[in-house]
Amino acid sequence: MLFALLLEATGNIAVMGAALGSGLVAIGAGMGIGRIGGSAMEGIARQPEAAGRIQTAMLIIAALIEAVALFAAVICLLVATA
């Protein structure tokens, strides 16, 4: 029922798949960065003297997650327009 309604609204299954894929990418990236931030704060609370190294690693990993999320969203949009 829901699938038929979405297909009727979009008119193309590729557009619907791209929208779902982009949504999943955003959710996954948000969850990943949230987990990294929480773990980093926990690590800093346990070892305050290592705060600089933990923050640096956290920022690098968060940037890599964002890059992968952007790449996946662009791929979803390319699939929809092909």
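The exercises below, each with a worked solution, concern a predicted model of a single chain.

**Exercise 1. Fold and overall form**

Determine how many helices and strands the chain holds, and decide whether the chain is spread out or compact in comparison with the globule rule.

Solution. Begin with the secondary structure: the chain contains 3 helices and 0 strands, and the order of elements along the sequence is α-α-α. Next, compare the radius of gyration with the value expected from the rule: the chain has 18 Å, whereas the globule rule gives 12 Å for 82 residues, so the chain is more spread out than a compact globule. The C-alpha trace can then be described along its principal axes, where it spans about 55 × 25 × 10 Å.

**Exercise 2. Burial, contacts and surface**

Work out what share of the residues counts as buried, and what share of the exposed area carbon and sulfur atoms supply.

Solution. With buried meaning under 20% relative accessible area, 20% of the 82 residues of the chain fall into that class. The contacts are considered next: among those between residues at least 6 apart in sequence, 59% join residues at least 24 apart. Turning to the surface, the chain exposes about 5,900 Å², and carbon and sulfur atoms supply 75% of this area. Part of the surface is a nonpolar patch of about 580 Å², made by L70, F71, V74, I75, L78 and V79. One of these residues, V74, lies in helix α3, which covers residues 51-81, and V74 is partly exposed at a relative accessible area of 39%.

**Exercise 3. Recorded regions set against the model**

Identify the residues that UniProt lists as "transmembrane region", and find the helix content of the model over residues 12-36 and over residues 57-80.

Solution. The unreviewed UniProt entry lists residues 12-36 and 57-80 under this heading. Over residues 12-36 the model is 96% helix and 0% strand, with the end C-alpha atoms 37 Å apart; over residues 57-80 it is 100% helix and 0% strand, with the end C-alpha atoms 35 Å apart. The unreviewed entry also places the feature "domain: V-ATPase proteolipid subunit C-like" at residues 16-78. Over residues 16-78 the chain is 94% helix and 0% strand, and here the end C-alpha atoms are 13 Å apart.

**Exercise 4. The salt bridge in helix α2**

Explain which side chains meet in a salt bridge, and establish how E42 and R46 are placed along helix α2.

Solution. The structure holds 1 salt bridge. Side chains of opposite charge can pair when their charged atoms come close. In this model the partners are E42 and R46, at 3.2 Å from N to O, which satisfies the limit of 4 Å for a salt bridge. Because E42 and R46 are 4 residues apart in helix α2, about one helical turn separates them. As to accessibility, E42 is partly exposed, with a relative accessible area of 44%, while R46 counts as exposed at 66%.

**Exercise 5. Separations in sequence and in space**

Find the C-alpha separation of L24 and R35, and then that of R35 and I54.

Solution. L24 lies in helix α2, which covers residues 13-46, and R35 is also found in helix α2. L24 is exposed at a relative accessible area of 61%, and R35 counts as exposed at 67%. L24 and R35, 11 residues apart in sequence, are 16 Å apart from C-alpha to C-alpha. For the second pair, R35 and I54 are 19 residues apart along the chain, and their C-alpha atoms are separated by 14 Å.

Terms used: Residues are numbered from 1 along each chain as its sequence is written. This is a predicted model: local features need pLDDT of at least 70, side-chain atom pairs count only at pLDDT 80 or more; totals for chains, interfaces and linings use all residues. Side-chain values use heavy atoms; hydrogens and water are left out. Helices (H or I, at least four residues) and strands (E, at least two) are DSSP runs, numbered from the N terminus. The radius of gyration is taken over C-alpha atoms; the globule rule is 2.2 Å times the number of residues to the power 0.38. Buried means under 20% relative accessible area, exposed over 50%, partly exposed in between (1.4 Å probe, protein chains only). Contact means heavy atoms within 4.5 Å. Accessible areas come from the Shrake-Rupley method with a 1.4 Å probe; for residues, only the protein chains shown count as cover. Patches are made of residues with over 30% relative accessible area and no salt bridge: like charges are joined within 9 Å, nonpolar side chains (Val, Leu, Ile, Met, Phe, Trp, Tyr) within 5 Å. UniProt positions are given in the numbering used here, feature names are shortened, and annotations may be inferred rather than shown by experiment.
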